[in-house]
Amino acid sequence: MKFARSVKALALAGAVLFAPSLASAATLTYQNPSNIFGLNGSAAVHILSPRDIGTRAGGFALQGDISGDSAVETFTAWCLDIYTYISDGQNYNPTTTPFAASGVVLTTTQTDNIQALFNTGLFGLDLSVGSNSAGFQLALWELIYETDSLFDVTVGGIGGFWATSGNAAALSTANSLLDGLGDLPTGNYNLTFLESVGHKSQNLVTGNLLPDEVPSVPVPAAGMLLLSALFGTGMLARMRRRVTH
């Protein structure tokens, strides 16, 4: 089943990381000047709505000082808007109001769903596989642009998000990630929204995994029964040894 747009951030949702105290905007550049995706995969997609455009989708491999500590960081960023091309060497500001400069502000529900997408879908996703990387990006666009009450990247409408692709696996991955928004988190991410100064480049979001807060995998019920049985067997053996002695 598909999940409605009212999906809220999960209990383990990471705090959104903002840095409004930066003295100046961070200049972002490509990790690999000849390939904006770096080691990440990508796939060709055709977006039909809200804008008819053919492009490649995937995680951008970027670098820059986005934490304000003067150290250049390398990270994977994801596109928030489809109306502007991404440009190398542009200045970005971390912000609490993504899209504000372009006249649009993401709602709390949208940012909550973006957080849930990172927490339930990104950890363990092999981004070197083009369909995975493109699928995550398509799912993110769906959360931002879909105006219907259900999430499905292959179904569009007036004003909604609708994509096609020669890589059917990318569409399948996107919908699988969207179906999992209500699942238990597999990772905990701090999100940094990056707004292009003057909207000269695409607005972006990146997530920093907090490794110490990755949820432990619960022991299945069958496993608990097995442990109980082993414990009981051990106790019985100890009692028999005592009687023998």
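This is a short talk on the helices, and a few unusual backbone spots, in the structure shown above.

Hi everyone, thanks for coming. Before anything else, please keep in mind that this is a predicted model.

Let's start with the overall layout. The protein chain contains four helices and nine strands. If you walk along the sequence, the order is β-β-β-β-β-β-α-α-β-α-β-β-α. Of the 245 residues in the protein chain, 43% are buried. How far apart in sequence are the partners in its contacts? Taking contacts between residues at least 6 apart in sequence, 71% join residues at least 24 apart.

Now to helix H1, which covers residues 108-121. With 14 residues at 1.5 Å each, H1 should span 20 Å, and its end C-alpha atoms are indeed 20 Å apart, so the two agree. Is H1 mostly buried or exposed? In H1, 11 of the 14 residues are buried, so this helix is largely enclosed by the rest of the structure. Among those buried residues are Asp-112, Asn-113, Ile-114, Leu-117 and Phe-118. And what covers them? The cover over the buried residues of H1 includes strands E5 (73-79), E8 (189-196) and E9 (204-209), along with helices H2 and H3.

Let me stay with the H1 and H2 pair for a moment. H2 takes in residues 130-145, and its axis comes within 9 Å of the H1 axis, crossing at roughly 160°. An angle over 145 degrees counts as roughly antiparallel, and H1 and H2 are therefore roughly antiparallel to each other. Their crossing is right-handed. Which residues make the contact? From H1 we have Gln-110, Asn-113, Ile-114, Leu-117, Phe-118 and Gly-121, and from H2 we have Phe-136, Ala-139, Leu-140, Leu-143 and Ile-144. Sorted by class, that contact has eight nonpolar residues, three polar ones and no charged ones. While you look at those numbers, remember that an α-helix has 3.6 residues a turn, so residues three or four places apart point the same way.

Next up is helix H3, residues 168-179. Its 12 residues should span 16 Å, and the end C-alpha atoms are 17 Å apart, which agrees. The buried residues of H3 include Ala-170, Leu-171, Thr-173 and Leu-177. Their cover includes H1, H2 and strand E7 (162-165).

A nice residue to click on here is Ser-131, which lies in helix H2. Ser-131 is buried, because its relative accessible area is 11%. Setting aside neighbours within four places in sequence, Ser-131 touches Asn-167, Ala-169, Ala-170 and Thr-173. Two of the names there, Ala-170 and Thr-173, you have just heard among the buried residues of H3.

Let me finish with the backbone. Most residues other than glycine have a negative phi, and most peptide bonds are trans. Three spots here go the other way. The peptide bond from Ser-49 to Pro-50 is cis, with omega near 10°, and Pro-50 is found in the loop between strand E2 (42-49) and strand E3 (53-58). Phe-99 is not a glycine, yet has a positive phi of about 80°. Phe-99 sits in the loop between strand E6 (90-94) and H1, and is buried at 4% relative accessible area. Finally, His-199 also has a positive phi, about 50°, without being a glycine. You will find His-199 in the loop between E8 and E9, partly exposed, with a relative accessible area of 22%.

That's my tour. Happy to take questions!

Key. Residues numbered from 1 in each chain as written. Predicted model: local features only at pLDDT ≥ 70, side-chain atom pairs only at ≥ 80, totals over all residues. Heavy atoms only, no water. Axes fitted to C-alpha atoms, helices over the stretch in contact; angles between N-to-C directions. Parallel < 35°, antiparallel > 145°, perpendicular 65-115°, else oblique. Left-handed = near helix turned anticlockwise from the far one by under 90°. Contact = heavy atoms within 4.5 Å. Nonpolar A, V, L, I, M, F, W, Y, C, P; charged D, E, K, R; others polar. Expected span 1.5 Å × (residues − 1). Buried < 20%, exposed > 50% of the residue type's maximum accessible area, 1.4 Å probe, protein only.
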